[in-house]
Number of protein chains: 2
Amino acid sequence: MPVTDFQLIIVGGGPAGLTAGLYAARARLNVVLLEKGAAGGQVMNTDWIENYPGFPEGITGLDLAEKFAAQAERFGLITKLCEVKSMDLAGPVKKIFLEGGETLTSQAVILATGARPNQLGIPGEKELTGKGVSYCATCDGPFYRGLEIAVIGGGDTAIQEAVHLTKFATRVIVIHRRDELRASKHLQEKAFANDKIEFIWDTVVTEVIGSKEVEGLRLQNVQSEEEAILAVKGCFVLVGIRPNMETLPLEQLDNDDGFIITDKEMRTSQPGVMAAGDICSKNVRQIVNATGEGAVACLAAENYLSSLN
Amino acid sequence: MPVTDFQLIIVGGGPAGLTAGLYAARARLNVVLLEKGAAGGQVMNTDWIENYPGFPEGITGLDLAEKFAAQAERFGLITKLCEVKSMDLAGPVKKIFLEGGETLTSQAVILATGARPNQLGIPGEKELTGKGVSYCATCDGPFYRGLEIAVIGGGDTAIQEAVHLTKFATRVIVIHRRDELRASKHLQEKAFANDKIEFIWDTVVTEVIGSKEVEGLRLQNVQSEEEAILAVKGCFVLVGIRPNMETLPLEQLDNDDGFIITDKEMRTSQPGVMAAGDICSKNVRQIVNATGEGAVACLAAENYLSSLN
């Protein structure tokens, strides 16, 4: 077996990567986790989490991320702060090329680079994220009981979540830049039949208005260019999700537009390479299944390493 | 759509069932969770848990189970304490028959009945579980750093875990009732080559000895019937795991010796029936992936319910 720096390299320090790291450190693998910012991933930017089991009163994203990191560190996980430039994952020696010229090698790799929701890129959006601007209806819907909210988008996810959100909100206004939806006919029919859902067509949002919380949206009709203000307490931006795939050698991995395809053991098409969390091709992207996949990926890595010698 | 008592019935109140319940209650489904004992499942009997992410200092099984249950209840999950007798899961109306004659109906079902490790059924085993007797090397191995321990069993799991446990223990004694292992040749070779592993053949354990913690094992040679005492601090019983399948209509569900086969969305072969946690056919049975599967199963149930109307 060729000599490598590590048995296992984990790329990404969100819930999936940190759980893989916790399991790997407990199993005493020679492992390192690579993270470019602070450990925790997208969770860090999540204001309040109610659906990660174990915290009946809820927990801030920052606190949960710190707990994940502290737990893995307690068992000896080393985190290296660095930027990955590219990777070569084919063959028995996996190579991770870092910005600055350093190259790390390992026998196995777990990819946990995550994904990010597409943003509108308009004033107020970033400032009010977690304060009325949300990218996840499953996570944040229950916070809007009895309120009026907007959903931005026209695809399957946007329309499905608009219907879902009527369980909480008194009124859901779907804002779409075209005059018809991309969502499936079945979903469209459900949405059109729902009294609580209204549509504003041919319209884009140009600003999220509010000082401490979302108070409204500035709208612009793309045909007439007329402007209007819509008063809402919440705004779900559901215009797609992008994989953090920029450093991944996609030509070496079966993938679905950059989302990595795995089997149930979280193995990719490349022997010795596992993936876990939001970077995977799947339907459900929640903290609780990212952590689960991290553990499964680590045990698959252990089995792979065990098969080598 | 026929009228049913519930949209969703969840069978089993361990980590998988309670997480499915948390998600279902947050999504405001008309849902009930059925549990025969106290909610929490096997976790309740786990002394100390270090590998469920979010608790850097560790947590008792009882505390974690209570947190899972409290969180689901906070969002309105109703738990019905009852014993399930049998089920009919074919067709659009799922029927759950309870002991005492009551029948509950629903459109969708999540099976989360769990599994249980096979026990030896010898004196001291039950009393010292969590106090030196363990059924999970991944979970409890790190507690035995620098100690001498026994592994009971001769199959793949027993031998793989014996090798794994040498990362912690100074000496691992494998006790097997036959004179050769059932484990794969590859695993056998690794174990035989490992200096820290010793074997005691043709031998059964007849008693776990210890007052507050495991102090030793009483052994009996099955050929000579000679008895002996082995002084060890820990004892891993790895003689297989059994699905809690007694109430399941296995003729209606693809399964692998009673373990339910699902796809990646946790859907079984029966439309409207999902499964999550240890009852599933899979390689990794940990709390963290049971919870993840519970969430995924709930979202699959929501999608199924949504397709009905």
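## Between the two domains of chain A

Zero salt bridges are counted between domain 1 of chain A and domain 2 of chain A, a salt bridge being a side-chain nitrogen of Lys or Arg within 4 Å of a carboxyl oxygen of Asp or Glu. Polar contacts across this interface also number zero residue pairs, with both residues required to have pLDDT 80 or more; such a contact is a pair of N or O atoms within 3.5 Å, and within protein one must be able to donate a hydrogen and the other to accept it, while residues adjacent in sequence count only if both atoms are side-chain atoms.

What, then, do the two domains bury between them? About 420 Å², 62% of it on carbon and sulfur atoms, where buried area is the accessible area (1.4 Å probe) that two parts lose on being put together, summed over both. On the domain 1 side of chain A, A:Glu50, A:Pro117 and A:Gln286 lose the most area, together 65% of what that side buries.

## Where the domains lie

Domain 1 of chain A covers 6–117 + 241–308 and domain 2 covers 133–237, with bounds from an automatic or database domain assignment. Their centres, taken over C-alpha atoms, are 33 Å apart.

## About the model

This is a predicted model, in which local features need pLDDT of at least 70, side-chain atom pairs count only at pLDDT 80 or more, and totals for chains, interfaces and linings use all residues. Residues are numbered from 1 along each chain as its sequence is written, chains are lettered from A and ligands numbered from 1 in the order in which they are written, and side-chain values use heavy atoms, leaving out hydrogens and water.
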